[in-house]
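Q: Please take one part of this structure and look at it closely, beginning with a single side chain and working outwards through its surroundings. I would like a connected account rather than a list.

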Amino acid sequence: MPRYLEQTYWWAYVHPRAVRLFERQWLVNLILWGNYSRLRNAAIAALGGDLRGRTLQISCVYGDLTRRIAMRLAPGAELHVVDVLRIQLDNLVRKLPAGLLRTQESGERARPSVELLQGDSSALEFRSGSYDRALLFFLLHEQPAEVRRATLAEALRVVKPGGRIVIVDYHRPHRLNPLYWPMRGVFGALEPFALDLWREDLADWLPPGTRTTGLQKRTFFGGLYQLVTITV
């Protein structure tokens, strides 16, 4: 387990009591000021209307995001979810529809399948260009700068040319946004790496010399959240 995760986010993701507490969709929606469904739907739409081939979700998410993506998979398509924490993967198993989770014994390829894999987002053990698309949903603000850069570099590496990477995360709101100062206080107390996404544009965290065929950004809720779609 990365030390920063154990030290900074034990209360949110690592401890079993944390998983039991936060695995409530109404609570996740409250934390996001009522925007969970809107951001979830926007992320899924940005992945593409017909999810064929292989989709990679980098890190587990509280709520029903993964289940919603799984229900959009085309016949024979695959969704892989990678997370460094076994407790998060075990939690996700309980939320997935029966029959979608692929095991070594099942192996049926005619139907869509979901596979859960334990691994580090900053050092993915996947072949280069092996995925059609990747999703990072509120992950980058939880990572120190060097881990964030490595995670983005790995996402760019494993997505094939012509594929896309969808990122949903925090964004610096306008100073007149009534949540500007409250959220700054929350980040200062609980999420010390999140203010990086206020200080710099997300594109600035891409590896130097990165070449993409397109990068689009949308903001939500007075600029507090952003959705970035990168076409590789």
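A: In this predicted model, a good place to begin is F137, which, leaving aside residues up to four places away in sequence, touches Y36, L39, R40, A43, V61, L65 and V168. F137 is buried, as is F138. The contact list of F137 holds R40 as well as residues such as L39 and V61, and R40 will return below in a charged network.

The wider setting of F137 is the largest nonpolar core, which has 57 residues and in which V114 and F137 are the residues with the most contacts. Helix α5, which spans residues 36-47, supplies the largest share of that core, with seven residues. A second core, separate from this one, has 24 residues, among them L136, I167, L202 and V228. In soluble globular proteins, nonpolar side chains tend to be buried together.

The aromatic rings give another view of the part around F137. The structure holds 17 aromatic pairs. One of them joins Y4 and F193, which meet edge-to-face with 6.1 Å between the centres and 80° between the planes. Because Y4 lies in helix α1 (residues 3-8) and F193 in the loop between α9 (180-190) and α10 (196-199), this pair ties together parts that are 189 residues apart in sequence. Y4 and F193 are both buried. F137 and F138 form an aromatic pair as well, again edge-to-face, with 5.1 Å from centre to centre and 75° between the planes. Beyond that pair, ring pairs link F137 and F138 into a cluster with Y36, Y170, Y180, W181, F187, W198, F221 and Y225. Y36 thus appears both among the contacts of F137 and in the ring cluster.

From R40, the contact of F137 mentioned above, the account passes to the charged side chains. A search of the whole structure finds twelve salt bridges. In one of them the side chains of D64 and R67 meet with N to O at 3.6 Å, and in another the side chain of D64 meets that of R68 at 3.1 Å, N to O. D64 has a relative accessible area of 9%, which is under 20% and therefore counts as buried. R67, by contrast, is partly exposed at 33%, and R68 is partly exposed at 35%. Salt bridges that share partners join R40, D64, R67 and R68 into one network, and R40 is thus a member of this network as well as a contact of F137. Elsewhere, the side chains of D50 and R52 meet in a salt bridge of 2.6 Å, N to O, and D50 is partly exposed, with a relative accessibility of 40%.

Arginine also takes part in charge-over-ring arrangements. The charged end of R54 sits over the ring of Y131, 4.5 Å from its centre. R148 lies over the face of W205, with 4.5 Å to the ring centre. R148 belongs to helix α8, residues 145-158, and it is buried, with a relative accessible area of 0%. Its side chain makes a polar contact of 3.1 Å with the side chain of D196. Not counting residues up to four places away in sequence, the residues that R148 touches are L140, Q143, F193, D196, L197 and W205. F193 is therefore a link between two parts of this account, since it touches R148 and pairs with Y4 across 189 residues of sequence.

Two backbone angles complete the picture. Most residues other than glycine have a negative phi. W33, which is not a glycine, has a positive phi of about 55°; it is placed in the loop between α4 (25-31) and α5, and at 41% relative accessibility it counts as partly exposed. S59 likewise has a positive phi, near 90°, and lies in the loop between β1 (54-58) and α6 (65-70). Unlike W33, which is partly exposed, S59 is buried, with a relative accessible area of 11%.

Definitions and conventions: Residues numbered from 1 in each chain as written. Predicted model: local features only at pLDDT ≥ 70, side-chain atom pairs only at ≥ 80, totals over all residues. Heavy atoms only, no water. Helix = DSSP H or I, 4+ residues; strand = E, 2+ residues; numbered from the N terminus. Buried < 20%, exposed > 50% of the residue type's maximum accessible area, 1.4 Å probe, protein only. Polar contact = N/O pair within 3.5 Å; in protein donor to acceptor, adjacent residues only side chain to side chain. Contact = heavy atoms within 4.5 Å. Salt bridge = Lys/Arg side-chain N within 4 Å of Asp/Glu carboxyl O. Core = buried A, V, L, I, M, F, W, Y, C linked by side-chain atoms within 4.5 Å. Phe/Tyr/Trp six-rings, centres within 6.5 Å; stacked < 30°, edge-to-face > 60°. Lys NZ or Arg CZ within 6 Å of the ring centre and 35° of its normal.
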